[in-house]
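Me: I would like a close look at a single part of this model, with the surroundings that bear on it. Please keep the criteria explicit.

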Amino acid sequence: MEPSHVDPFHIVTPLKKSPVLSTLAGTDVLMKLENIQPMGSFKIRGIGHYCQMLSTKGYTKFVCSSGGNAGLAAAYACNKLGLPATIVVPESTGQDIVQKLQKLGADVIVKGKAWDDADAHAHQLTEVPGSVYVSPFNHPVIWEGHSTLVYELKNSLGSQTPGVLVVAVGGGGLLAGLVEGMVKVGWSDVPIIAMETIGAHCLNAALQAGKAVTLPEITSIAKCLGAKTVCERALQYAREKNIISITVDDREAVRAIEKFVDDELMLVEPSCGAALAAIYSGHIQRLQQEGKLQTPHGPVVLIVCGGSGISLSQLQDFKSQLGLN
Ligand SMILES: Cc1ncc(COP(=O)(O)O)c(C=O)c1O
């Protein structure tokens, strides 16, 4: 990984067995705890790596569009690098995230209803010389950073091969990085379950349509999965590789995060709840029964992608909004 002499901003995260999730899934479930990364999500792997690389190219101003977590990663990285960051977020991004960004020294601009609107504005801001656009998910260097997660898995698992990886998909950066890492460690044949919420299901819609699709709007509460179009590379991999696309509704994602608090004592965003719902909503067992996943197989590796846009009162608000009380 370039630049090799620089320490990365992300940490090596634990891979921890969940007895409760293992019982539910009927097979070992190992959680890759990306929620304990600096700024609370996996995003620091790719975005941190990309910002480090860009800083060596003489850019003096970084502009990142984000639903929240990529922006936090970019602001954190820029803070460490001593460089100014502008983070453009949509109106749906919570005030708590805006404050966290500001505490990291970032300029925050709130623009448009969805991430795509904020992104268009971020592109405009980078027309100034010295400025550089930092995508939240769509760059090979970002995928390279995300692929470090797989190298850690390989180290933790030794000679064991995972049966399946479970991951949430927004713009598809994490998915693309995982696929690239898996090819490098010789796990090309290991299936990946790509989880999205309905209303932020740009990958699933594209696979159904057989071509890239732009969703008319983001209606899911999992705003951090809210890219209207999945990145080309993720779509390409989803077509070529063993990737199983599944959607859950917001209620399933929110129920999953609530159960996860009880079962694992960790609070994550509904975006991450989409991945958790692969187990809580019974998809692993269903796929095994349908013969789409081998039985018995190696452990299920659940990427607990995390997310900072959540608190106990927000969880309560989500539940009220969705009639889950
Ligand atoms: C917590 C969380 N999980 C998953 C994702 C999806 O990642 P990607 O956009 O790389 O698909 C995001 C994106 O912001 C996120 O914040």
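Which of the 22 residues around the ligand come nearest?

Reply: Some conventions come before the details. This is a predicted model, in which local features need pLDDT of at least 70 and side-chain atom pairs count only at pLDDT 80 or more, while totals for chains, interfaces and linings use all residues. Residues are numbered from 1 along each chain as its sequence is written.

Asn 69, Gly 170, Gly 173, Cys 224 and Gly 307 come nearest among the 22 residues around the ligand. A residue is near a molecule if its C-beta atom, placed from the backbone, lies within 6 Å of it. Two or more residues of this shell come from each of α3 (69-81), α8 (173-185) and α12 (270-280). The largest share, 3 residues, is supplied by α8. Helices here are DSSP runs of H or I with at least four residues, strands are E runs of at least two, and both are numbered from the N terminus.

By class, the shell around the ligand has 11 nonpolar, 10 polar and 1 charged residues. Ala, Val, Leu, Ile, Met, Phe, Trp, Tyr, Cys and Pro count as nonpolar, Asp, Glu, Lys and Arg as charged, and the others, Gly among them, as polar.

Gly 170, one of the nearest residues, sits in the loop between β7 (164-168) and α8. Gly 170 counts as buried because it has 30 C-beta neighbours inside 10 Å. The criterion for buried is 20 or more other C-beta atoms within 10 Å of the residue's own; 12 or fewer makes a residue exposed, anything in between partly exposed, and C-beta atoms are placed from the backbone. Leaving out residues up to four places away in sequence, Gly 170 touches Phe 137, Ala 200, Cys 224, Leu 225, Gly 226, Ala 227 and Ser 271. Contact requires C-beta atoms, placed from the backbone, within 7 Å of each other. Cys 224 is thus a contact of Gly 170 and is also listed among the nearest residues to the ligand. By contrast, Thr 126 is 44 residues from Gly 170 in sequence and 23 Å from it in space, C-alpha to C-alpha.

Ser 271, another contact of Gly 170, is one of the buried residues of α12. In that helix, 11 of the 11 residues are buried; among them are Pro 270, Cys 272, Gly 273, Ala 275, Ala 278 and Tyr 280. Just after α12, Gly 282 has a positive phi of about 80°. On the other side, Leu 265 lies in the loop between α11 (250-264) and α12. Leu 265 is not a glycine, yet its phi is positive, near 60°. With 7 C-beta neighbours inside 10 Å, Leu 265 counts as exposed.

Ala 275 of α12 also belongs to the largest nonpolar core, which has 108 residues; Ala 275 is listed with Ala 74, Val 166, Val 167, Leu 175, Met 195 and Leu 302 as having the most contacts inside it. Such a core is a set of buried Ala, Val, Leu, Ile, Met, Phe, Trp, Tyr and Cys residues joined through C-beta atoms within 7 Å. Val 166 is in contact with Ile 193, Met 195, Ala 275, Ala 278, Val 300, Val 301, Leu 302 and Ile 303, neighbours within four places in sequence aside.

The wider setting is a division into domain 1 (15-42 + 141-321) and domain 2 (43-138), with bounds from an automatic or database domain assignment. The C-alpha centres of the two domains lie 24 Å apart. Contacts between them involve 30 residues of domain 1 and 27 residues of domain 2. On the side of domain 1 that touches domain 2, α6, α7 and α8 each supply at least two residues, and α6 gives the most, with 6 residues. That side has 11 nonpolar, 15 polar and 4 charged residues. The shell around the ligand draws at least three residues from each domain.

Helix α2 (residues 43-55) is largely enclosed by the rest of the structure, because 12 of its 13 residues are buried. Those buried residues pack against elements including α3, α6 (140-146), α7 (148-157) and α8.
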